[in-house]
Amino acid sequence: MKFSARGAALLMASCLVGDSTAFVPASFSARTSALSVSSAPIANGSTSPSSDSNSNEWSPSSWKNRVAKQMPVYEDEAELNAAVAQLDRVAPLVFAGEVRSLHEKLARVSQGQGFVLMGGDCAESFKEFHVNHIRDTFRVIMQMALVMTFGSSMPVVKIGRMAGQFAKPRSEPNEVIDGVSLPSYRGDNVNGEEFTPEARRNDPQRMVDAYYQSAQTLNILRAFSTGGFADISRLHAWNLDFVEGTEEGSRYRLFAAKVDESLRFMKAIGIDTSKPDFTSVDFYTAHECLLLPYEQALTRQDSLTGKWYDCSSHMLWVGERTRDLDGAHLEFTRGIGNPLGVKISDKCTPEELIRIIETMNPQNIPGKLSIIVRMGAEKLRKNLPGLIRAVQREGKAVVWISDPVHGNTRKTETGFKTRDFDNIRAELRAFFDVHDEMGSHPGGVHIEMTGEDVTECTGGVSGVDDYTLKHRYNTACDPRLNGSQALELAFLIAERMRLRTGLPPL
């Protein structure tokens, strides 16, 4: 088949921008992908493709029959019931069609036809909520995706840890300061950060407040993703601002120059990059499935398919501390139609991983389940091959995603919790190395980052060190990569992906 120059450029552009189906709750024409993932409503009365043999025993509330770890204790049950009843009546935050769209994209990633970029705050907060904060984080994720798409020549699925990432697991149920014991701060949708009895009271009404803030966040994201803010030329101009701060002749400048050449070529042959196809993007949201009363209250049954969806987010993941096989969180997630993730550390054995996969994705549907690996570079090189080998042996379809930040947290001599850029880069390098050795596909990266110019993680081109952490250390939870560090990481990933796909190095 012969391709014209214009056709080749359009093919490249389609990888850069996507088809803008996220956030559009419109009717979908019936179609089924080659990966056996329904990307359209199934006819009435048909069975959900991901339902297991015990689906009749599952309900949005069946998790209550299991042990629920990391759950706050509410002192007033009537107050909790009132908050849940209020959430039962609110509109869904996301729609089933959007969820199916993401599932389709993740199915392609599981077959080696894409890469996932998940990024956002460690934990969202009420007091820091502002359109500028959302804008800056969205912008950096878009900048990263553009660089990574060009490097890999494959689509990048863009997912924000946003519009619901409030709750955080805690090591201890209580915090003790100067002999005073109060409930631990579990995120703004549970209690307040201030160390007072009033603030630390677990307040179920905060779940309702979190819902309405999430609704605002999603409205802002919808506007940014479809209203021209994600224009390719604008994203590249912002990337050029970053490379201006690097050394003359650096690999970042070389890479940016190649992207610039491609955009100039597209315009030269008559492609109008101001059209909607080049100014809007698919963008999805995800958060940790932790606060189960909230998740249950926002779970809705699709009237077209009969399938249950957690409409608080497009995707949810279960954390390392709550992934017990007989626990409440796996019980809840096994019955919903959303794409799922599960965090895995070096504590997970191959046998346990297979049981988790069979619980969360019993029909082995591509794109349904992502394995998010967080170990640290040394432990990853030792443990990940065995996990991949078990998945390959059992023929399981999963998306492998690296979380290179959580296994690399340390405390400085001055008491700041931080993460070193070099260690994050080392874990990512190990992740790619292991997949090269095993013949499997490194499917994505999951990072805690912000678009703001914070000083919370050390290293990288931003030059943050232990002594400058205090300048703009704003996080209420874990340290985040700032915009420059996140974008630098994207350039490094793009270079590695370029080599994997057989493209010549820059």
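**A walk from Thr475 to a helix pair**

Let's start small: a polar atom in the side chain of Thr475 sits 3.0 Å from the backbone nitrogen of Cys477. The Thr475 side chain also has a polar atom 2.8 Å from the backbone oxygen of Asp478. Polar contacts here are pairs of N or O atoms within 3.5 Å; within protein, one must be able to donate a hydrogen and the other to accept it, and sequence neighbours count only if both atoms are side-chain atoms.

A word on provenance: this is a predicted model, where local features need pLDDT of at least 70 and side-chain atom pairs count only at pLDDT 80 or more, while totals for chains, interfaces and linings use all residues. Residues are numbered from 1 along each chain as its sequence is written, and side-chain values use heavy atoms, with hydrogens and water left out.

Back to Thr475, which you'll find in the loop between strand E14 (442-448) and helix H15 (483-500). Helices (H or I, at least four residues) and strands (E, at least two) are DSSP runs, numbered from the N terminus. Is Thr475 buried or exposed? Its relative accessibility is 15%, so Thr475 counts as buried; the cut-offs are under 20% for buried and over 50% for exposed, with partly exposed in between, using a 1.4 Å probe and protein chains only. Leaving aside residues up to four places away in sequence, Thr475 touches Glu456 and Arg480, where contact means heavy atoms within 4.5 Å. Glu456 is 19 residues from Thr475 in sequence, with 7.6 Å between their C-alpha atoms.

Now for the helix pair. The axes of H13 (residues 377-394) and H14 (residues 421-438) come within 9 Å and cross at roughly 35°. Those axes are lines fitted to C-alpha atoms over the stretch in contact, with angles running from 0 to 180 degrees between N-to-C directions. Among the residues that meet are Leu380, Leu384 and Ile388 in H13, and Ala430, Phe431 and Val434 in H14.

Zooming out, the protein has 15 helices and 14 strands. Of its 506 residues, 57% count as buried. Among contacts between residues at least 6 apart in sequence, 78% join residues at least 24 apart.
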